[in-house]
Amino acid sequence: MEDYFREIEGKTAHDPYRNTNFGPRTKCLLGPVIVGAGPSGLAVAACLRARGVPSTVIERSNCIASLWQLKTYDRLKLHLPKQFCELPLVPFPAEFPTYPSKQQFIKYLEDYANRFEIRPVFNQKVVRAEFDGKLKMWRVRTAAEQGGGEEVEYVCRWVIAATGENAEAVVPPIEGVEGFGGDVVHTSGYKSGCIYEGKKVLVVGCGNSGMEVCLDLCNHNASPSLVVRDTVHILPREMLGRSTFGLSMWLLKWLPMSLVDRILLIVSRIILGDTGRFGLDRPQLGPLELKNLSGKTPVLDVGTLDKIKSGDIKVCPGIKRLRHQSVEFDDGRREKFDAIILATGYKSNVPSWLKVLLIKIFFFINYMKFVTHY
């Protein structure tokens, strides 16, 4: 190990910007840099530590699992059963319900980090990670998230990107948004429907978040409408006495994906009925094939569809433009709204800091697949 550090020190000794007033402070690391202290970053750090490999976790926020702690709504629960969401080496507590709440999941992650003594470097964002061909090492440059403070450059042999697919909110351009006059907020800033009681709210996006936000608004006596621009698969969260996800994974062990999709759609039709009658047409590809090809996740219904069937939630076409306190839809209809909530998803931020051409191309292709299906 000492030889390894001496090698790094020797390679960086003649760097003109090292430890001077003209460049960032340099830290030479034995183990990898892990970018992101969410569930994936914590899991990697824990597994490395269990094998005696040190790591340095860089987190731009001031806490672990910042998406869950800072950017999710209060009623959120895991959409999948806990056994499919637990991190390596540590199961969920037995007393936790099948679908743990947001608060329970955060507690589990905090206990996990403490158990493996994972101490991230908080409030530092990675601005650039690039492989130095001369050193045969990675240079990872960080800066304070809020600006100011010193920059630090980590020199290491490995970089692990664990920022996930939900690092940055996707906010699509909408004509007339500046003159709307009411609240326009992304779901990353939505906490509860209580502040919208008695108001007409338009939710843009019919994924899992959009559906659940509509249900939350109904439960707080708001009047939500849901923009559905594209086809969408809605599946019951449970079928045949098992979670839909668990059943799917079990069937895939024995049957081809296309046949599993047919089974899921037949059972969904029996349980939910024809969703197309309510403006929720299904794609031609089955839910698993669509997820595999495009990354578009099917919606697991937790009660929203019943509200749509009863008329408590209205389904609307795409938005043509916004006007003052009103929305003009693609079919020419206009309707007044007090607020708009954008359930338009997230995107990865890895291409902005990882300076590797092939990686950038990969993330661009997958990002384009995502944004065309919000």
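**Exercise 1. How many bridges join strand β2 (residues 33-35) to β3, and do the two run parallel or antiparallel?** Then work out the sheet they belong to.

*Solution.* Keep in mind that you're looking at a predicted model.

Step 1. Start with the pair itself: β2 and β3 are joined by three bridges, and they run parallel. Within this pairing, isoleucine 34 sits opposite valine 57 in β3.

Step 2. Now widen the view. The open sheet has three strands in the order β3-β2-β7, and the pairing is parallel. β3 (56-58) and β7 (159-161) are the edge strands, since each one pairs on one side only. On average, neighbouring strands of this sheet are turned by 20 degrees against each other, ignoring direction.

Step 3. Add the helix. Helix α2 (residues 39-50) packs on the sheet and touches β2, β3 and β7. The direction of α2 makes about 160 degrees with that of β2.

**Exercise 2. Find helix α5 (residues 208-219) and check its length, then decide how covered it is.**

*Solution.*

Step 1. Helix α5 has 12 residues, and from its first C-alpha to its last it reaches 17 Å. That is close to the 16 Å expected at 1.5 Å a residue.

Step 2. Count the buried residues: 10 of the 12 in α5, so the helix is mostly covered. Among them are Met211, Val213, Leu215 and Leu217.

Step 3. Look for what does the covering. The list includes strands β10 (200-204), β11 (223-227) and β12 (234-236), along with helix α9 (304-310).

Step 4. Check what comes after α5: asparagine 221 follows, with a positive phi near 60 degrees.

**Exercise 3. Is valine 204 buried or exposed?**

*Solution.*

Step 1. Locate the residue: valine 204 is in strand β10.

Step 2. Its relative accessibility is 3%, and buried means under 20%, so valine 204 counts as buried.

Step 3. Try a distance too. Valine 204 and histidine 186 are 18 residues apart in sequence, while their C-alpha atoms are 9.3 Å apart in space.

**Exercise 4. At roughly what angle do the axes of helix α6 (residues 244-251) and helix α7 (residues 257-272) cross?** Use it to describe how the helices lie.

*Solution.*

Step 1. The axes come within 10 Å and cross at roughly 150 degrees.

Step 2. Angles over 145 degrees count as roughly antiparallel, so that is how α6 and α7 lie to each other.

Step 3. Add the handedness: α6 passes α7 in a right-handed crossing.

Step 4. Finish with the contacts. Thr244, Ser248 and Leu251 in α6 meet Val260, Ile263 and Leu264 in α7.

Technical notes. Residues are numbered from 1 along each chain as its sequence is written. This is a predicted model: local features need pLDDT of at least 70, side-chain atom pairs count only at pLDDT 80 or more; totals for chains, interfaces and linings use all residues. Side-chain values use heavy atoms; hydrogens and water are left out. Two strands pair if DSSP finds at least two bridges between them. Helices (H or I, at least four residues) and strands (E, at least two) are DSSP runs, numbered from the N terminus. Axes are lines fitted to C-alpha atoms, for helices over the stretch in contact, and angles run from 0 to 180 degrees between N-to-C directions. Contact means heavy atoms within 4.5 Å. The expected span of a helix is 1.5 Å times one less than its number of residues. Buried means under 20% relative accessible area, exposed over 50%, partly exposed in between (1.4 Å probe, protein chains only). Angles under 35 degrees count as roughly parallel, over 145 as roughly antiparallel, 65 to 115 as roughly perpendicular and the rest as oblique. A crossing is left-handed if the near helix is turned anticlockwise from the far one by less than a right angle, and right-handed if clockwise.
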